[in-house]
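Here are some exercises to work through with the model open beside you. Try each task before you read its solution.

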Amino acid sequence: LKHKAKRWAKDAADVKLAAVLGAGIMGGGVAYQSALKGTPIIMKDINPEGIALGLKEAKKLLLKRIDKGRMKPDQMADVLNSITPALNYGDFKNVDLVVEAVVENPKVKDAVLREVEGQVREDAILTSNTSTISIDLLAKNLKRPENFCGMHFFNPVHMMPLVEVIRGKKTSDRAIATAVAYATAMGKTPIVVNDCPGFLVNRVLFPYFGGFIGLVRDGADFQKVDKVMEKFGWPMGPAYLLDVVGMDTGKHAGAVMAEGFPDRMKHEGTTAIDVMFDNKRYGQKNEKGFYRYE
Ligand code: NAD
């Protein structure tokens, strides 16, 4: 993979300043990781509370690093100062690459991507952290689809090494090369994949969630299923993983996967994820999902 990243390097634009749209679980993580590894980043949200949460999370992670002796205390301010919180597009003319990480809703993403395209330079690269939505669909209303690709980070961003860089039909080599180079600079392992609902990892993960949903419907105790999967060797079971992902994201992403692969991923009736979502048990983000996190 290192060899492949090198192969792309000649086409890559230099990312001196990045931006992330959405300061939630993923946007906050991308901002932290980018700043930690030396690429300053603007973190924009429409919600001041979201930004405050993103910064709080970054601070928490930095304090942990200091605690473990992996960072000197005087380096913390430098990292935090490389994250510029924003509620508007002020400095976006200087941005080389944008990671869109707003809610998993095609209409919202379409509007946000078109809006940001009007705010950045013509050569800036736009990427989406969508978990499941087709890159070609999101590129459809863009003026410069060649400058757009997927950049799918995994949760929690600071721990998960993989990044799927997704090539749409109109994506240029320069866009792919720049996303690969930026992911590499962030200390991640990029893989380049073609566009389809769910890309590679979620095409494996969602059928697994589907199996879990079926087991619960058949009467299985979700805590026991989690324990079994941990013994099987997974770092966490499916219910806990859904709490980490967030029930809203899981539900939206599940709907996109079911539409993309109806014969394999469509579930009849109400699922355990629907029940959690309808009861506002979104997972770790609001401290209650399958489990409680107070
Ligand atoms: P989240 O709900 O934690 O955060 C979304 C943020 O976007 C919120 O802070 C919200 O205020 C903000 N937002 C909404 N509209 C906006 C706009 N117009 N401009 C700027 N900010 C806006 O969601 P999340 O879990 O971080 O997911 C974000 C994206 O990342 C989704 O596409 C999701 O599918 C993807 N993703 C999520 C995970 C996961 O495990 N949660 C993993 C990989 C990818």
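**Exercise 1. Find the domains of the protein chain and describe their contact.**

Step 1. The protein chain splits into domain 1 (2-194) and domain 2 (203-286), with bounds that come from an automatic or database domain assignment. Residues are numbered from 1 along each chain as its sequence is written. Bear in mind that this is a predicted model: local features need pLDDT of at least 70, side-chain atom pairs count only at pLDDT 80 or more, and totals for chains, interfaces and linings use all residues.

Step 2. Taken over C-alpha atoms, the centres of domain 1 and domain 2 are 26 Å apart.

Step 3. Seven residues from domain 1 and nine residues from domain 2 form the contact, where two residues are in contact if their C-beta atoms, placed from the backbone, lie within 7 Å.

Step 4. On the side of domain 1 that touches domain 2, there are two nonpolar, four polar and one charged residues. Here Ala, Val, Leu, Ile, Met, Phe, Trp, Tyr, Cys and Pro count as nonpolar, Asp, Glu, Lys and Arg as charged, and the others, Gly among them, as polar.

**Exercise 2. Describe the shell around the ligand and place it relative to the two domains.**

Step 1. The ligand is surrounded by 29 residues, and the closest are G22, G24, M26, G50 and N155. A residue is near a molecule or strand if its C-beta atom, placed from the backbone, lies within 6 Å of it.

Step 2. By class, the shell holds 14 nonpolar, 11 polar and four charged residues.

Step 3. At least two shell residues come from each of α2 (25-36), α5 (106-117) and α11 (247-260); helices (H or I, at least four residues) and strands (E, at least two) are DSSP runs, numbered from the N terminus. The most comes from α2, with three residues.

Step 4. Domain 1 and domain 2 both give residues to this shell, so the ligand lies between them.

**Exercise 3. Characterise the packing of α2 against α3 (residues 48-67).**

Step 1. The angle between α2 and α3 is about 50°, and their axes are 9 Å apart. Axes are lines fitted to C-alpha atoms, for helices over the stretch in contact, and angles run from 0 to 180 degrees between N-to-C directions.

Step 2. This makes α2 oblique to α3: angles under 35 degrees count as roughly parallel, over 145 as roughly antiparallel, 65 to 115 as roughly perpendicular and the rest as oblique.

Step 3. G27, G28, A31 and Y32 of α2 meet L53, G54, E57, A58 and L61 of α3. These residues divide into five nonpolar, three polar and one charged.

**Exercise 4. Do the same for α9 (residues 222-232) and α10 (residues 238-245).**

Step 1. The axes of α9 and α10 come within 7 Å and cross at roughly 100°, which makes α9 roughly perpendicular to α10.

Step 2. F222, V225, D226 and M229 of α9 make the contact with P238, A239 and Y240 of α10. The classes are six nonpolar, no polar and one charged.

**Exercise 5. Which peptide bond is cis, and where is its proline?**

Step 1. The bond from N155 to P156 is cis, with omega near -5°.

Step 2. P156 sits in the loop between β6 (148-153) and β7 (162-167).
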